[in-house]
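Student: Could you take me through one part of this protein slowly, and then show me what lies around it? I would like to follow how the strands are put together before moving on to anything else.

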Amino acid sequence: MEPSSLTSCALCQAKASQLCAACRNVVYCSREHQKEHWKKGHRSECTCFEIASNEILGRHLKATRDIKIGEQILKEAPLVVGPKVASAPLCLGCHRNLLAPEKPQGNYYKCSACSWPLCGKECENSPHHKAECQLMSSSNFQSKINYTPGEEERKESAYCVIMLLRCMQLKSKDPEAFLKLYSLEDHLKERLETPLYQVLRANLITFIKTVLGLRDWSEMDILRIAAILDTNTFEVRQPRERRKVRALFPGAAMISHDCVPNMRHRFDEDMNIVFLAKRKIAKGEILSISYTQPLRSTIQRRVHLRQAKCFDCSCARCQDPEELGSFAGAQTCLKCKAGKIISLNPLQNSAVWKCQLCNLKRSAKEMVTSDAELQQELESLDKSTPVALEEFIYRHRADLHDTNTHILQAKYALTQLYGSAPGFAMEELSEESLTRKVQLCEELLELANIFDGGWSIFRGNLLIDMEEALVAQALRSEDPEECEEKLRNAAEMLREIRNIMKHEPEMQQLLLERQEFKKLLRITLKLDVTKIKSPTRKEFAFVCFRTQEDQQRALETLHGYKWKGKVLKAQAAKASADPLQKKRAAEDQESERKPKKQRTAVEATCPLSHIPYDQQLQQKSEEMSALLAKYTQELRRLNHRAKPHLDKFKFEGVLPSPTVNGYRNKNEFTVGKNAAGEVVVGFRLGCYADGSVEVAEVQDLPHLPEQAKWAARSFQELVRKSKFLPFNPDGNVGHFRQLMVRCSSATDVKHREAGQMINPVEHISGSTHITDTIQGLQFRISPLAFFQINTGGANVLYQKAIDLVAPTKDTTMLDICCGTGTITLAFAKHCKKVMGVEIVPDAIKDAEFNAQANDIKNCKFFTGNADDFIKSMVREALYEQEPGKPMDLIAVVDPPRAGLHHRSIAAIRSADAINRLVYVSCNPHSAKRNFIELARPESKQYKGEPFYPKSAVAVDMFPHTTHTELVILFEREPKTKVAADDVGDEKTPPEQDAAESKSEATAEAASEENPASAT
């Protein structure tokens, strides 16, 4: 029922509008009536799903409303819990794995009645164990599981009877629960032919009926319960509690399997199963989880499902010979060396396999045998270091492509080993190994977005590894801008990691312990701590102090301190050398040999200033041309249909900036000291990680306007006369830290001093804003608002964007990431209507003010995530379109340096009405991902026809530096033309969607999220 049609209170039928937030199926007139109705039965009905049925899936669950990402969908207590069929020795009372006895020649504690191993006397009376204990002791059965010193922990097959007995005993103990169990699917007919069930018939049936005396049970009834367990149980892993058991959840058993599921599950401390939405789920969508490892190939997944769950999957991924563009099961053709050999019918196990390019054929038997041999080779490798895995990848570089399942498994294992294996700890990694780790994480995240995207554990683990590697790279970087960008990307990843992992019990416990540990150090023990870093998955922390005295006091206080039942150990860490001290020591050693030339402010910030400006433009043009050639070459490999478009793609060179000197309208100066120890307001010559805190004056820099130089010089005189010292990062002391200067041709200089960028800014005197002019429009600029730093260059940039896309009075323009609306409003006079979306509320306020100040009425702005509003803006544009008139809808994106999020790209791709797109990149070197995502073939993730690049031009927004701005026009090919091309091009190979995408997990990692078969 739609929420808008609900008008009567579910309890008293009075007029009501307060909607139940959980199920959205009922309304109430008051909070009190909602509580009362909950007690009277709504509790059992309040769900966001319903039970449905069809011939293919049987009973399954379907969403009754839209479900948000991360939302809890179902929580269910186990009907039965017990050991796996073959289990390591565990306690039948609390289900924890048993520890070795404390005495050298001791044995496990044994139940006084039945002799099954337990934790201790308290577990003899556990409700889990009591009924089975009475049955076995009354039958004079005594368990013979004992501890053998020095023997590796072995699996005991005797545990296979326990969970079966617990289910059988439900019949008399809880008949209602037994009926729920007995109504579940069993696939007994298929299982009876397997070797396992032949063993069960010979041994287990005899034991239950003869030894335990349960003769009233027929053989088929006993085997049916065993089959129900094998079909429906989930493996429960709780490492902190030493638990690894299986449990039966009747409600969860009705959830369908899909190789690209929309849910994930976890277990809380009480072993309740909790299902969460990994992504947004639309109303009417079937709820699904995966019983397989997501990055295995179709062959491997379908074999596992047939053996363990007795069904054949026919999901969208299994039906697709290309596996959603990943080609995970394909191998490289050794005949043509270019094509991929894929199954002609993945749902038919005996189907022939064929190369896409040269038509070489291989039998299904050959492919399955080859796949099994490769998997065996991979599993036999030494996984204690990266060496063997890297050799495996190199050895199979000719026959296995980058996204083959075996290569992906090896790559995922490498992401875990780089940074943790002996000799490969994060601080020990070479630059090449660290770069390799980041590359592997990026590749795997690309495929994770296809197979296991959203808030999946696999993706969360990859983000954890990549975040740690990015921070390590940032600390080693010599380029301040690169360092800042990597730290910013790492911080963004950390926010996503917290969202993904916050529901996991281990992560919750870890975060809680970290908070309590910080409280212990700072409040309870009153230690002067500057920083605490506790690596994920580690049971130790690094603690930093200001002085050696503080460190020594902490060592004496913490070592041997008892906290939460544990004794803490503290020792001085062998920390990496402070980069500043390391540099100074190196300089002292070299000073005796030869004097070292110091880098100047001009060399650090304007490395091209010594070159004539026409040569700067030529150098930048050659660099952009080579970069675009690299991007188009990659796209040719991924999308064969792109070739005719890329053949016509033109790069028009680099347009010069109208102002070559003094063009920067915003500058952030550092307050510090120069090499001579004098207080200076200027630019840092390097980053702290590079061992540099030296600040140089800016009076000789050609790209700074005279107003900015005057402000820096004036503030420098003020600081030198002040009793307060400039901030010194070598010791974290001092006061004056930074000066921001903004200026324009229209207003006077504005500056502020800051220790940190705080918002709102405190206004002291003068005007609260400055104004500047672009495209004849006046723009109000607040102290912290984004605005192009080269006003004259921005005029050229915006005009070129307008010229490229050529809007008319019938055009509607969408500005994605519109900021303060400069591009939106520049397009307004050329279009029928313009709309902009931006996540920063203050920027939208400025945009609306600027629109009103310039008397522009054909514009509208939205505050929020771009991917949430793109569809809404498109719908609004379509709604306002005159009937019968063709729609001309264009989009402009000017994203941050890191580029546009893949969800925004997917939203743009899926909006069929958008036919042209202008992409403005302030960092062309990081634009490759978006370039490929816009133009790659249509897939499950990127629906809608591709946008192909038509022309590009660079604008030199930053003379004297190595940076430039790139503008690319993309156009979408009409669907009718695409269909015609497909019909006429029978010999063209299928889309090779995922040669760029890469990812997969090893069996150990992927199985942590997926239910395991009891067999």
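Tutor: Let us begin with strand 5 and strand 13, the latter made of residues 273-277, which pair in the antiparallel sense over 4 bridges. Please keep in mind that everything described here comes from a predicted model. To find your place along this pair, look for Gln72, whose bridge partner in strand 13 is Leu276. The pair belongs to an open sheet of 3 strands in the order 5-13-12, and the pairing in that sheet is antiparallel. Strand 5, which covers 72-76, and strand 12, which covers 263-267, stand at the edges with a single partner strand each, so one side of each has no neighbour in the sheet. If you look along this sheet, neighbouring strands are turned by 20° against each other on average, when direction is ignored. As a general point, the strands of a sheet pair through backbone hydrogen bonds, and they may do so in a parallel or an antiparallel way.

A second sheet can be read in the same manner. Here an open sheet of 3 strands has the order 6-10-9, again with antiparallel pairing. The edges are taken by strand 6 (80-82) and strand 9 (234-238), and because each has a single partner strand, one side of each is left without a neighbour in the sheet. From one strand to the next, the twist of this sheet averages 30°. Strand 6 is joined to strand 10, residues 243-248, by 3 bridges, and the two run antiparallel. Within this pair, Val80 stands opposite Leu248 of strand 10. Strand 6 and strand 10 also have a helix lying across them, namely helix 3 (residues 160-173), which runs at about 155° to strand 6.

Helix 3 leads us on to the empty spaces inside the model, since helix 3 is among the elements that give two or more residues to the lining of the largest cavity, together with helix 6 (195-211) and helix 7 (219-232). A search of the whole structure finds 5 cavities of 30 Å³ or more, and the largest cavity has a volume of about 100 Å³. Among the residues lining the largest cavity are Val85, Cys160, Leu164, Leu196, Ala226, Asp230 and Arg246. Sorted by class, that lining holds 8 nonpolar and 2 charged residues, with no polar ones.

Two places further along the chain are also worth finding. According to an unreviewed UniProt entry, residues 614-641 are annotated as a "coiled-coil region"; in the model this span is 89% helix and 0% strand, and its end C-alpha atoms lie 38 Å apart. Asp867, finally, lies in helix 26, which is made of residues 866-880. Leaving aside residues up to four places away in sequence, Asp867 touches Arg903, Ser904 and Ala907. The C-alpha atoms of Asp867 and Ile816 are separated by 9.1 Å, while along the chain the two residues are 51 residues apart.

Notes
Residues are numbered from 1 along each chain as its sequence is written. This is a predicted model: local features need pLDDT of at least 70, side-chain atom pairs count only at pLDDT 80 or more; totals for chains, interfaces and linings use all residues. Side-chain values use heavy atoms; hydrogens and water are left out. Two strands pair if DSSP finds at least two bridges between them. Axes are lines fitted to C-alpha atoms, for helices over the stretch in contact, and angles run from 0 to 180 degrees between N-to-C directions. Contact means heavy atoms within 4.5 Å. On a 1 Å grid over the protein atoms alone, a cavity is a set of points where a 1.4 Å probe fits but cannot get out, and a pocket is an open set with protein on both sides within 12 Å along at least five of seven lines; lining residues have an atom within 4 Å of a point. Grid points are joined across faces, edges and corners, and a volume is the space filled by probe spheres set on the points. Ala, Val, Leu, Ile, Met, Phe, Trp, Tyr, Cys and Pro count as nonpolar, Asp, Glu, Lys and Arg as charged, and the others, Gly among them, as polar. UniProt positions are given in the numbering used here, feature names are shortened, and annotations may be inferred rather than shown by experiment.
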